[in-house]
Amino acid sequence: MKWTRVSSVLMLSLWLGVLAACGQNEDPAAATRSTEASPAAASDAAVPDASDATEPSTESTEPYEVVAEKLRAPWVIAFAGDVIYVSEREGHIVRIEGDQSTRQNVNLSKSVHGGGENGFLGFLLAPDFEQSQQAYAYHTYEENGEMLNRVVQLKHTGESWDETRVMLEGIPGAYNHDGGRMAYGPDKLLYMTTGDAQQPELSQDKDSLAGKILRMTLAGEVPADNPFPDSYVYSYGHRNPQGLAWTDTGVMLVTEHGPSGSPGGHDEINVIEPGGNYGWPTVYGDQTGSGMTPPVYHTGEPAIAPSGAAIDDQNRMLIATLVGSALYRYDAATKDMSVVFDGEGRLRDVKIKDGRVYVITNNTDGRGNPAKTDDRLLIVNELK
């Protein structure tokens, strides 16, 4: 698809009130669902089942199925066999099995600090989770009046999650731009994204952990082949990356929020190489700089605020978007970018399991327009 066609798609889906970028990127007016606002969340006990409010559909033409609802600003979808876990930004994990959902506590040595775009963000089950019951998490905390982020290992006890090891602390944090996505690479190492913590200059500082892609072993050590000696930094010059995925040939793709204000937009997809400098805040969009790698795709002036990402069986990238309030699909072979699912407000994460596409809405994070049953975990039955 030519850029003109991409622009028209973006114009149609975004121009009616979603032209702000992150900071403004996760804009209160982004979700446009004309539904009644939900009341404040209730207790930490059982999460109401989808079946409590919605009769199972017998129509094969339904655009999606509801797996769970009344989630609180969910951030990550994770699978363990037939069980689904969803992390919530306030500091809980919801366990979903069939039509039963239970909100579980996370016991940490340093409390989750929630506000703006920070809180309990990344969550990743260990590769051997069914045996070890271990997981990894990325969350914001406050120390000596400063907002920071940390990576910890958790142990699932059946009814709650307990911190067992600190992997990394002191990652610069802020009200906005905290990154937080975690994923395993094809090399079986742990990758995570960090934001610039609203201090853009830190992104170009290789001694800072802000505005970076970080890489570590599952024991929390610096891999011997990291590009910078004794450093977790894998790439730098990032603003607020929130999507992380690999093609079946090992190409690493990252989604990233572009600048706020004027000009805004310029949300990016980057191909990550070890030691690469991706330009922020020196360059963005089509701008170039010595030794800086431009994005393989950017949105131009419209903002979509890309978040979680997944790769489908044709090596196309599915991207959950916040301001865009849609699921987008990017085809690296053709450079096509198009909306494949929309109408349910802000979307935070997308995963593919057994050929089925799962998304979580993010309308209760303070910037959306939540319905009574938001937020929800959905299975998308058909993409456009």
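# Close-up views of a predicted model

**View 1. Strands gather around the largest pocket of this predicted model.** At least two residues of the lining of the largest pocket come from each of these elements: strand S3 (74-80), S7, strand S11 (182-184), strand S15 (241-246), strand S19 (306-311) and strand S23 (347-353). The space inside the largest pocket is about 590 Å³. Its lining counts 24 residues, and the closest to the centre of the pocket are Ile77, Leu124, Ala309, Lys351 and Ile352. Sorted by class, the lining of the largest pocket has 17 nonpolar, three polar and four charged residues.

**View 2. The whole protein chain, for orientation.** Before going further in, it helps to step back for a moment. The protein chain has 384 residues, and 59% of them count as buried. Its secondary structure comes to three helices and 25 strands. Among the contacts in the protein chain with a separation of 6 or more, 57% are between residues 24 or more positions apart. About 15300 Å² of the protein chain is exposed, and carbon and sulfur atoms supply 48% of that area.

**View 3. The largest nonpolar core has 37 residues.** Which members touch the most other members of this core? They are Tyr85, Phe123, Leu125, Leu154 and Trp161. Strand S7 (residues 120-125) gives the most to this core, namely five residues. Apart from this core lies another one, of 14 residues, including Ala245, Leu253, Ile269 and Met337.

**View 4. Leucine 125 and the residues it touches.** Leucine 125 is one of the residues that touch the most other members of the largest nonpolar core. Setting aside residues up to four places away in sequence, leucine 125 touches Ala78, Phe79, Ala80, Tyr85, Gln134, Ala135, Trp161 and Tyr184. Two names in that list, Tyr85 and Trp161, also belong to the group that touches the most other core members.

**View 5. The largest cavity holds about 50 Å³ of space.** The structure has two cavities of 30 Å³ or more. Rolling a probe the size of a water molecule over the atoms shows where empty space is left. Around the largest cavity you will find Arg239, Glu256, His257, Gly258, Pro259, His266, Glu268, Tyr278, Trp280, Val283 and Tyr284. This lining divides into five nonpolar, three polar and three charged residues.

**View 6. The second largest cavity holds about 40 Å³ of space.** Its lining is made up of Glu268, Tyr278, Gly279, Val283, Tyr284, Gly285, Gln287, Met292, Thr293, Pro294 and Pro295. By class, these are six nonpolar, four polar and one charged. Glu268, Tyr278, Val283 and Tyr284 appear in the linings of both cavities.

**View 7. Two cis peptide bonds, at proline 281 and aspartate 375.** In one of them, tryptophan 280 is joined to proline 281, with omega about 0°. Where does proline 281 sit? Look in the loop between strand S17 (268-271) and strand S18 (297-298). Trp280 also helps to line the largest cavity. The other cis peptide bond joins aspartate 374 and aspartate 375, and here omega is about -5°. Aspartate 375 has its place in the loop between strand S24 (356-361) and strand S25 (377-380).

**View 8. Alanine 73 and aspartate 230 each have a positive phi.** Neither residue is a glycine. For alanine 73, phi is near 45°, and the residue lies in the loop between strand S2 (64-68) and S3. For aspartate 230, phi is near 55°, and its loop runs between strand S13 (212-216) and strand S14 (233-236). Which of the two is buried and which is exposed? Alanine 73 has a relative accessible area of 10%, so it is buried. Aspartate 230 counts as exposed because its relative accessibility is 79%.

**View 9. Serine 203 is a buried loop residue.** Serine 203 lies in the loop between strand S12 (190-193) and S13. Its relative accessible area is 0%, so it counts as buried. What is serine 203 in contact with, leaving aside its neighbours within four places in sequence? The contacts are Asp196, Ala210, Gly211, Lys212, Tyr236, Gly237, His238 and Trp280. Trp280 will be familiar from the cis peptide bond to proline 281.

Methods. Residues are numbered from 1 along each chain as its sequence is written. This is a predicted model: local features need pLDDT of at least 70, side-chain atom pairs count only at pLDDT 80 or more; totals for chains, interfaces and linings use all residues. Side-chain values use heavy atoms; hydrogens and water are left out. A nonpolar core is a set of buried Ala, Val, Leu, Ile, Met, Phe, Trp, Tyr and Cys residues joined through side-chain atoms within 4.5 Å. Buried means under 20% relative accessible area, exposed over 50%, partly exposed in between (1.4 Å probe, protein chains only). Helices (H or I, at least four residues) and strands (E, at least two) are DSSP runs, numbered from the N terminus. Contact means heavy atoms within 4.5 Å. On a 1 Å grid over the protein atoms alone, a cavity is a set of points where a 1.4 Å probe fits but cannot get out, and a pocket is an open set with protein on both sides within 12 Å along at least five of seven lines; lining residues have an atom within 4 Å of a point. Grid points are joined across faces, edges and corners, and a volume is the space filled by probe spheres set on the points. Ala, Val, Leu, Ile, Met, Phe, Trp, Tyr, Cys and Pro count as nonpolar, Asp, Glu, Lys and Arg as charged, and the others, Gly among them, as polar. Accessible areas come from the Shrake-Rupley method with a 1.4 Å probe; for residues, only the protein chains shown count as cover.
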